[in-house]
Amino acid sequence: MKAFAATLTTIALAVASLSAQAQSSVQLTGTVDTYVGSMKMAGQERVASVGSGGLTTSWWGVKGVEDLGGGLKADFNITSFFRADTGTPGRFDADPFFSRDANVGLAGSFGRVSLGRGLAPNFLPTVLTNPFGDSFTLSPLVLHANMTTAAWGNDSLTTASNTGWSNQVLYTTPSFGGLKANVHYQFGEQTSSGNKGKKNVGLNLMYFGGPLSLTAFYERAQINNPVSLAVMPTKSNWMVGGSYDFSVAKLYATYGQAKINAQNRENTTYSLGLDVPVSGTAGTIKAAAARTKSEVGSVSGTRTTVSLGYDHFLSKRTDVYAVAMYDRVSMDIPNKSGTSAMVGIRHRF
């Protein structure tokens, strides 16, 4: 923890120094999200606790941009996850320190090219097409894509290899009438003769046109992230989704599949969501459901998760929330279903 505090101090001093330079804009930024609740996922025992990351995984870091002239800009992103309930760095103990972002790039009329660790193709389409956004605690769609339980293993998830990729070249196109694409290539950096060609590749498309938003992505992953960066069984996945804002309510829907050919496995997920502004308040009612069917040969199992909550903004940067969630698997095991309830506060800086 002393090393963590020293790092914070060093970065804060660097931000203060760089901000004084006219040609650069550097920002210390992040989100702190903490909740108290009683949690019970499928296959697990109930736990009452204070937790971190109810609606957004807590993170902090430094971002900056420099105007190079002629429409060309350089930028960097160095951001880190942390657990606000204990003050511990990372999403989990082995998480790399800057696992959220660690990249530098150039942007102009051609779009943007960056090098380093950054988002995987699955992340933005997933969080933009459900009312609970990037919640790895409460969003049914995000949970089914990324989070295991004692009854639902890693191979049943629909994300191919984490929500961020290391050793990555990322190209982002300019916006064409509201349509933008991201092309991702992660170098495997393997030295053994049988694995030298292993890599992760992917693409996503996002369209924003008035009340309508549409997204899609495809990934083919052979390298595990974010810790070992080792070869894994080839896993491919794709998803299409969208939302439409009727003003009185915003509707969300997605459909996607993931395959591991070496296991003869196919996972299929669909989700629905709803965001309803509460008249006369700064709050919204959120409801979402996701269902995944995991098939290995002729054997199949399902997972169903439903969340219902209320999010109230006290300001542009601070909101409080209350959410109830139900999680169930079809397997004949103890604790095959569970319910959770929590209240929390989130602040952005």
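This is a chat about the core, the cavities and the overall form of a predicted model.

Biologist: What are we looking at, and how many helices and strands does the protein have?
Modeller: The model is a predicted one. The protein has three helices and 18 strands.

Biologist: What is the radius of gyration, and what would a compact globule have?
Modeller: The protein has 21 Å, and a compact globule with 349 residues would have a value near 20 Å, so the two agree. Along the principal axes, the C-alpha atoms fill a box of roughly 60 × 60 × 50 Å.

Biologist: What share of the residues is buried?
Modeller: Buried residues are 44% of the 349.

Biologist: And of the contacts between residues at least 6 apart in sequence, what share joins residues at least 24 apart?
Modeller: That share is 55%.

Biologist: On to the inside. Which residues make up the largest nonpolar core?
Modeller: There are 12: Y35, M39, M41, L55, F132, L138, L143, A288, Y321, V323, M325 and M342. Two or more of these come from each of β1 (24-39) and β17 (318-329). The most are given by β17, with three residues.

Biologist: Take M39. What is M39 in contact with, leaving aside neighbours within four places in sequence?
Modeller: M39 is in contact with E45, R46, V47, T137, M325, T339, S340, A341 and M342. Another core, of five residues, lies apart from the largest one, and A42, A151, W152 and V329 are among its members.

Biologist: Now empty space. How many cavities of 30 Å³ or more are found?
Modeller: The search of the whole structure finds two. The largest has a volume of about 100 Å³.

Biologist: Which lining residues are closest to the centre of that largest cavity?
Modeller: L141, A145, T158, F217 and M239, out of 14 that line the cavity. At least two lining residues each are supplied by α3 (140-146), β12 (231-245) and β13 (250-260).

Biologist: How does that lining divide by class?
Modeller: Five residues are nonpolar, nine are polar and none is charged.

Biologist: What about the second largest cavity, which residues line it?
Modeller: T129, N130, P131, S139, P140, L141, Y252, S271, L272, G273, A288 and A289 line the second largest cavity, which holds about 40 Å³ of space. The elements giving two or more of these are α3, β14 (265-277) and β15 (283-296). The most come from β14, with three residues.

Biologist: And how many of those are nonpolar, polar or charged?
Modeller: Seven are nonpolar and five polar, with no charged residues.

Methods. Residues numbered from 1 in each chain as written. Predicted model: local features only at pLDDT ≥ 70, side-chain atom pairs only at ≥ 80, totals over all residues. Heavy atoms only, no water. Core = buried A, V, L, I, M, F, W, Y, C linked by side-chain atoms within 4.5 Å. Buried < 20%, exposed > 50% of the residue type's maximum accessible area, 1.4 Å probe, protein only. Helix = DSSP H or I, 4+ residues; strand = E, 2+ residues; numbered from the N terminus. Contact = heavy atoms within 4.5 Å. 1 Å grid on protein atoms, 1.4 Å probe; cavity = no way out; pocket = protein on both sides within 12 Å on 5 of 7 lines; lining within 4 Å. Points joined across faces, edges and corners; volume = space filled by probe spheres on them. Nonpolar A, V, L, I, M, F, W, Y, C, P; charged D, E, K, R; others polar. Rg over C-alpha atoms; globule rule 2.2 N^0.38 Å.
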